[in-house]
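Here's a walk through this structure, written to be read with the model open beside you. We start inside the protein and then move out to the DNA.

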There are 2 protein chains.
Amino acid sequence: MFSKACEYGIKACIFIAEQSVNNRRVSLKEVASSIDSPEAYTSKILQHLCQNNIVRSDKGPLGGFSIPAPILSHLRLSNIVYLIDGDDIYKGCGLGLKRCNEKLPCPVHNKFKVIRSELKEMLESTTILSLVDKLHNGLTFLKR
Amino acid sequence: MFSKACEYGIKACIFIAEQSVNNRRVSLKEVASSIDSPEAYTSKILQHLCQNNIVRSDKGPLGGFSIPAPILSHLRLSNIVYLIDGDDIYKGCGLGLKRCNEKLPCPVHNKFKVIRSELKEMLESTTILSLVDKLHNGLTFLKR
DNA sequence: ATAATAATGGATATTTTTGTCTTTTTTTTA
DNA sequence: TAAAAAAAAGACAAAAATATCCATTATTAT
Ligand code: FES
Ligand code: FES
């Protein structure tokens, strides 16, 4: 469904967000070990998220990653997925035609567009904060 | 959503099925050009489908690919997707945890499982024959 | 039997995705 | 001001997915 990079990106954001809620910055090491991802690869993904103002980073001792409250209050799954995996999952044809097109639809178009728009709706309506809550209460997990 | 191989596999099956309904066998060349896919790669995918009795092949002049009526009458999208892409789309965790697990769910589990089961339901309920009909009536397309 | 046709099978190549390693830059504390 | 800590950046490596090539096998028609 999502690329590995995107999966790591989502998990990293949820973890960093949880810590940010408690005013803690986290290092790359902490992120990678908390979400069970390869450190250097995770670093690239975090860089990408930082360059696009989804995550904030501070260098030096006491530095680390965080998500500022004003960003966190708006951040949704869709922002992360769109940044990392692009809009294929929203707009792409299920059978890989150049463009999904009502006028020249592929055979699965009508069935596929329903699923696709439900996925879109789900990603756009799910806030990272809502996921943080459940994680914080020990109801969900980022590893295993 | 699906791999390229799976997209080609689905399109190939729909095209071959359409021809089989009219008692025509089709060559690899015809398949590849009709669905706009790389010939040799498509060959591998068709081999895979043949080995698993989803498509039939006959060698020699007059040979080619076909889908026998008894198979076509049962064939659904899910059969093709499951064969080529496996069950990740049905059972896999949206965040890539080892196994999707009600007891140890990831943060997106509850939202994700809804989409996933709708996709599953759609794939399992959609017959290739129903897609052939629309293609045949010029309502849908396999290229562009 | 022979030639022609069409799929098969195996090896190889390319591209994309995923993952690693090393050096540089920035910031903080001593 | 020097040392340590942490991310940034760039080059490189490995693995997986996608794609191509060529020789072989099976079938049909002549
Ligand atoms: S044209 Fe294929 S999904 Fe719309
Ligand atoms: S545990 Fe992640 S989708 Fe079920």
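## Inside the core

Leave aside residues up to four places away in sequence, and Leu49(B) touches Gly9(B), Cys13(B), Ile54(B), Val55(B), Ile80(B), Leu83(B) and Ile84(B); contact here means heavy atoms within 4.5 Å. Leu49(B) also shows up, along with Ile128(A) and Ile128(B), among the residues with the most contacts inside the largest nonpolar core, which has 91 residues. A nonpolar core is a set of buried Ala, Val, Leu, Ile, Met, Phe, Trp, Tyr and Cys residues joined through side-chain atoms within 4.5 Å. Buried means under 20% relative accessible area, exposed over 50%, and partly exposed in between (1.4 Å probe, protein chains only).

A word on what you're looking at: this is a predicted model, where local features need pLDDT of at least 70, side-chain atom pairs count only at pLDDT 80 or more, and totals for chains, interfaces and linings use all residues. Residues are numbered from 1 along each chain as its sequence is written, chains are lettered from A and ligands numbered from 1 in the order in which they are written, and side-chain values use heavy atoms, with hydrogens and water left out.

## DNA strand C

There are 26 residues around DNA strand C, and Pro38(A), Pro61(A), Leu28(B), Lys44(B) and Ser57(B) come nearest. A residue counts as near a strand if one of its heavy atoms lies within 4 Å of it. Sort that surface by class and you get 11 nonpolar, nine polar and six charged residues. For the sorting, Ala, Val, Leu, Ile, Met, Phe, Trp, Tyr, Cys and Pro are nonpolar, Asp, Glu, Lys and Arg are charged, and the others, Gly among them, are polar. From α3(B) come four residues, the largest share of the surface. Helices (H or I, at least four residues) and strands (E, at least two) are DSSP runs, numbered from the N terminus.

What part of the DNA is being touched? Of the atoms of strand C within 4 Å of the protein, 66% belong to sugar or phosphate and the rest to bases. Lys44(B) goes for a base: one of its polar side-chain atoms lies 2.6 Å from a base oxygen of strand C. Phosphate oxygens of strand C have their own partners, with a polar side-chain atom of Gln47(B) at 3.3 Å and a side-chain N or O atom of Gln51(B) at 3.4 Å. A polar contact is a pair of N or O atoms within 3.5 Å; within protein, one must be able to donate a hydrogen and the other to accept it, and residues adjacent in sequence count only if both atoms are side-chain atoms.

## DNA strand D

Around DNA strand D there are 25 residues, of which Leu28(A), Lys44(A), Ser57(A), Pro38(B) and Pro61(B) come nearest. They divide into 11 nonpolar, eight polar and six charged. Of the strand D atoms within 4 Å of the protein, 67% are sugar or phosphate and the rest are in bases.

Which atoms meet a phosphate oxygen of strand D? One is a backbone N or O atom of Leu28(A), at 2.9 Å, and another is a polar side-chain atom of Ser57(A), at 2.8 Å. A polar backbone atom of Gly60(A) is 3.3 Å from a sugar or linking oxygen of the strand. Two or more residues of this surface come from each of α3, β1 (56-58) and β2 (64-66) of chain A, and from α1 (4-21) and α3 of chain B.

## Helix α2 in chain A

Helix α2 of chain A spans residues 28-35, and its buried residues are Val31(A), Ala32(A) and Ile35(A). Seen down the axis of α2(A), they fall within an arc of 90°, so they line one face of the helix; the arc is that of the directions from the helix axis to the C-beta atoms. These residues pack against α1 and α3 of chain A. Right after α2(A) comes Asp36(A), with a positive phi near 60°.

## Loops with a positive phi

Most residues other than glycine have a negative phi. Asn53(B), not a glycine, has a positive phi of about 55°. Asn53(B) sits in the loop between α3 and β1 of chain B and, at 57% relative accessibility, counts as exposed.

Leu62(B) has a positive phi too, near 75°. Its place is the loop between β1 and β2 of chain B, and at 77% relative accessibility Leu62(B) is exposed.
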